[in-house]
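Got the viewer up? Let's take a walk through this one, stop by stop.

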Amino acid sequence: MKIRRAAEHELLELWGYERMDTASSNAKFFCGSIKRGNAEFWTLDCGGELVGELYVFYDLEDKDFADGEQTAYLCAFRVRADFRGQGFGTKLIRRVMEHIKDLGYQRVSIGVDAADTANIRLYKRLGFTIKVKECAEDPCDRDETMRPRSCPCFWLLYHNLSG
């Protein structure tokens, strides 16, 4: 299993787009953020096949998520079903948090649906123990005008990297 940073063209392929001009507004937002250095796309690769993904954003409009200085935001964490429960997702998140800490960030945030007990357990085990707020807008899910979309309520959690 290999953990690595991936490029925006790999995101497009993963999300099913052949070109940027045919991509959704959300894919354009993610790719543009990666290209500008405001986001990174991390993958879990097994034998050349992508089986997991995680994105980190460094600065977003809502500074509780990512403020460009102290707090970075993890989002769109996925591990393919047949690879779950083997510790690969934990390794991916830990590796990305190490990287964020090495960049000088003091805190990392993550969103979780209040009903997603499996991810709540995982995130608590990884140190996401501070509930910051309940959110009704996802800063990384963009509409056609590139504004954040409303969404079902989820929790924003913090993990302090220094402790």
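## Stop one: a crossover

Select β4, helix α3 (residues 88–102) and β5: together they make a right-handed β-α-β unit. Right-handed here means that, with the strands pointing away from you, the path from the first strand over the helix to the second runs clockwise. Helices (H or I, at least four residues) and strands (E, at least two) are DSSP runs, numbered from the N terminus.

Some housekeeping before you move on. This is a predicted model, in which local features need pLDDT of at least 70 and side-chain atom pairs count only at pLDDT 80 or more, while totals for chains, interfaces and linings use all residues. Residues are numbered from 1 along each chain as its sequence is written, and side-chain values use heavy atoms, with hydrogens and water left out.

## Stop two: the whole sheet

Now show every strand. You should see 7 strands in an open sheet with mixed pairing, in the order β1-β2-β3-β4-β5-β7-β6. Two strands count as paired if DSSP finds at least two bridges between them. At the edges sit β1 (2–6) and β6 (130–142), each pairing on one side only. Neighbouring strands are turned by 35° against each other on average, direction ignored. Axes are lines fitted to C-alpha atoms, for helices over the stretch in contact, and angles run from 0 to 180 degrees between N-to-C directions.

Next, color helix α4 (residues 117–125), which packs on the sheet and touches β4 (71–79), β5 (107–112) and β7 (148–160). The direction of α4 makes about 170° with that of β5. Contact means heavy atoms within 4.5 Å.

Then step through some strand pairs:

- β2 (residues 39–46) and β3 (residues 49–57) are antiparallel, with 8 bridges; find Asp-45 and its bridge partner Leu-50 in β3.
- β3 and β4 also run antiparallel, joined by 5 bridges; here Glu-53 has Arg-78 in β4 as its bridge partner.
- β4 and β5 are parallel, with 4 bridges; Tyr-73 stands opposite Ser-109 in β5.

Stay on β4 for a second. Because 7 of its 9 residues are buried, β4 is largely enclosed by the rest of the structure. Buried means under 20% relative accessible area, exposed over 50%, and partly exposed in between (1.4 Å probe, protein chains only).

## Stop three: a covered helix

Select α2 (residues 25–35). How many of its residues are buried? The count is 9 of 11, so to speak a helix that is mostly covered. Among the buried ones are Phe-29, Phe-30, Cys-31 and Ile-34. The buried residues of α2 pack against α1 (8–14), β2, β3, β4, β6 and β7. Just after α2, click on Gly-37, whose phi is positive, near 85°.

## Stop four: two cores

Switch to side chains. Nonpolar side chains tend to be buried together in soluble globular proteins. A nonpolar core is a set of buried Ala, Val, Leu, Ile, Met, Phe, Trp, Tyr and Cys residues joined through side-chain atoms within 4.5 Å.

The largest core has 28 residues, and those with the most contacts inside it are Leu-74, Ile-93, Ile-100, Tyr-123 and Phe-128. Elements giving two or more residues to this core are β2, β3, β4, α3, β5 and α4. α3 gives the most, with 6 residues.

Center on Ile-100. Neighbours within four places in sequence aside, Ile-100 is in contact with Val-56, Tyr-58, Ala-72, Leu-74, Tyr-105, Val-108 and Leu-161. Apart from this core lies another, of 23 residues, including Leu-11, Leu-12, Phe-41 and Phe-154.

## Last stop: charged pairs

The whole structure has 13 salt bridges, each a side-chain nitrogen of Lys or Arg within 4 Å of a carboxyl oxygen of Asp or Glu. Go back to Asp-45: its side chain meets that of Arg-4 in a salt bridge (2.4 Å, N to O). Arg-4 is in β1 and Asp-45 in β2, 41 residues apart. Arg-4 counts as partly exposed at 22% relative accessibility, and Asp-45 as buried at 10%. Add Glu-10 to the selection and you have a network of salt bridges linking Arg-4, Glu-10 and Asp-45.

Then pick Arg-5 and Glu-40, whose side chains form a salt bridge (3.3 Å, N to O). With Arg-5 in β1 and Glu-40 in β2, the pair ties together parts that are 35 residues apart in sequence. Is Glu-40 buried or exposed? Glu-40 counts as buried, at 7% relative accessibility, while Arg-5 is partly exposed at 47%.

Finish with Asp-64 and Lys-133, another salt bridge (2.9 Å, N to O). Asp-64 lies in the loop between β3 and β4 and Lys-133 in β6, so this pair ties together parts 69 residues apart in sequence.
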